[in-house]
Amino acid sequence: MAEAFRPDPGYMVNQLKDGRTLAVSRRPMPDGGSVAVHQDITAHLHAEKELEKTKQFLNSIIENIPIAVVVKDANTRKFVLVNRAFEAMLKVPRSEVLGKTVVRNLPSERCRAY
């Protein structure tokens, strides 16, 4: 309760006994009062956890398939994702590939393929 009446702005997240999670944002008013917004973020947090699990699952598949997987940014044509098979094929660590274009990574005779 003391937190609710502090004179400075604040934000806190509370885990309730029933499993719900509430976010409380507090703003002081010029007249001495304050405004607090309580938001149930339980579903949002659950969705974030599910999304993270799905991303980890897909990343493990992409990393371990024996086929080279490459993703490039459509605008810059820079590599944004490569898997182990692509690293093995190039014989270059991904740290030297990510964020760069094909021309900066492959000999010119191989550039046309990527």
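Let's start with confidence: across the protein chain of this predicted model, helix α1 (residues 42-64) has the highest mean pLDDT, at 97, while α3 has the lowest, at 52. For the protein chain as a whole the mean pLDDT is 87, with 83% of residues reaching 70 or more. Where pLDDT is low, the predicted coordinates should not be read in detail, a point to keep in mind when you come to α3, with its mean of 52.

Now turn to the strands. β4 (residues 70-72) and β5 (residues 79-82) pair in the antiparallel sense, with three bridges between them. In this pairing, Val70 stands opposite Val82 of β5. The two strands form a hairpin, and six residues lie between them. Look at Arg77 in that turn: its phi is positive, near 60°, although the residue is not glycine. Arg77 counts as exposed because its relative accessible area is 59%, and exposed means over 50%.

From the hairpin, follow the chain on to the loop between α2 (84-90) and α3 (108-111), where you will find Pro93. Lys91 lies in this loop between α2 and α3 too. Lys91 has a positive phi of about 60° and is not a glycine. With a relative accessible area of 72%, Lys91 is exposed. Pro93 is at 38% relative accessibility, so it counts as partly exposed.

Pro93 also lets us look back to the hairpin: its C-alpha atom is separated by 9.8 Å from that of Val82, a residue 11 positions away along the chain. Val82 is the β5 residue that Val70 stands opposite.

Key:
Residues are numbered from 1 along each chain as its sequence is written. This is a predicted model: local features need pLDDT of at least 70, side-chain atom pairs count only at pLDDT 80 or more; totals for chains, interfaces and linings use all residues. Side-chain values use heavy atoms; hydrogens and water are left out. Helices (H or I, at least four residues) and strands (E, at least two) are DSSP runs, numbered from the N terminus. Buried means under 20% relative accessible area, exposed over 50%, partly exposed in between (1.4 Å probe, protein chains only). Two strands pair if DSSP finds at least two bridges between them. pLDDT is the predictor's confidence in each residue, from 0 to 100.
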